[in-house]
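I opened my notebook to look up a few things in this structure. Here is what I had in front of me.

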Amino acid sequence: MSYSLTNKLCDAERCFIVSEVISGRLSRGMAVKKYGISEVSLWRWIRKFAVDKGDSSMEVEEPKKPSETPEEEIKRLKQELRARKMEADLYREAIALADKEYNLQILKNIGSK
């Protein structure tokens, strides 16, 4: 049973279990019983996710997200650029409307002092 449960846990859940053990909220034995995992799995997770801070204490390092492929990064960046361009257009329209409707000059003349 513990073998199948061990494989079904995601890294975030494993980090949570490790953080409970490292913080002292649970002993290793209690964590093994509570979550139905093996002692060996728990030790592996501690080695994988726990980071020694150098002052004889440890903390849990969050699992890294899988890196995106160059194509996915390009797609994401294009979406972000499109959103920023739309935002800039909205600001320009708001400034033009304020200038036209309320005679507010928001933009400064760069050359004048």
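My entries below go from the whole chain to one helix and its neighbours.

**Entry 1: the outline.** I noted at the start that this is a predicted model. I looked up the secondary structure and found 5 helices and 2 strands in the chain. I then read along the sequence and wrote down the pattern α-α-α-α-β-β-α.

**Entry 2: inside and outside.** How many of the residues count as buried? I found 19% of the 113 residues. Next I looked up the exposed area, which is about 9500 Å². Carbon and sulfur atoms supply 56% of that area. I also checked contacts between residues at least 6 apart in sequence, and 42% of these join residues at least 24 apart.

**Entry 3: helix H4.** I turned to H4, which spans residues 39-49. Which of its residues are buried? I listed Ser-41, Leu-42, Trp-45, Ile-46 and Phe-49. I then asked where they sit around the axis. They cover an arc of only 140°, so they lie on the same side of H4.

**Entry 4: the core.** I looked up the largest nonpolar core and counted 15 residues in it. Ile-17, Ala-31, Ile-37, Leu-42 and Trp-45 have the most contacts inside this core. Helix H2 (11-23), helix H3 (28-35) and H4 each supply at least two of its residues.

**Entry 5: Leu-42.** I picked Leu-42 for a closer look. What does Leu-42 touch, not counting residues up to four places away in sequence? I wrote down Ile-17, Val-21, Arg-28, Ala-31, Val-32 and Ile-37.

How values were computed: Residues are numbered from 1 along each chain as its sequence is written. This is a predicted model: local features need pLDDT of at least 70, side-chain atom pairs count only at pLDDT 80 or more; totals for chains, interfaces and linings use all residues. Side-chain values use heavy atoms; hydrogens and water are left out. Helices (H or I, at least four residues) and strands (E, at least two) are DSSP runs, numbered from the N terminus. Buried means under 20% relative accessible area, exposed over 50%, partly exposed in between (1.4 Å probe, protein chains only). Contact means heavy atoms within 4.5 Å. Accessible areas come from the Shrake-Rupley method with a 1.4 Å probe; for residues, only the protein chains shown count as cover. The arc is that of the directions from the helix axis to the C-beta atoms. A nonpolar core is a set of buried Ala, Val, Leu, Ile, Met, Phe, Trp, Tyr and Cys residues joined through side-chain atoms within 4.5 Å.
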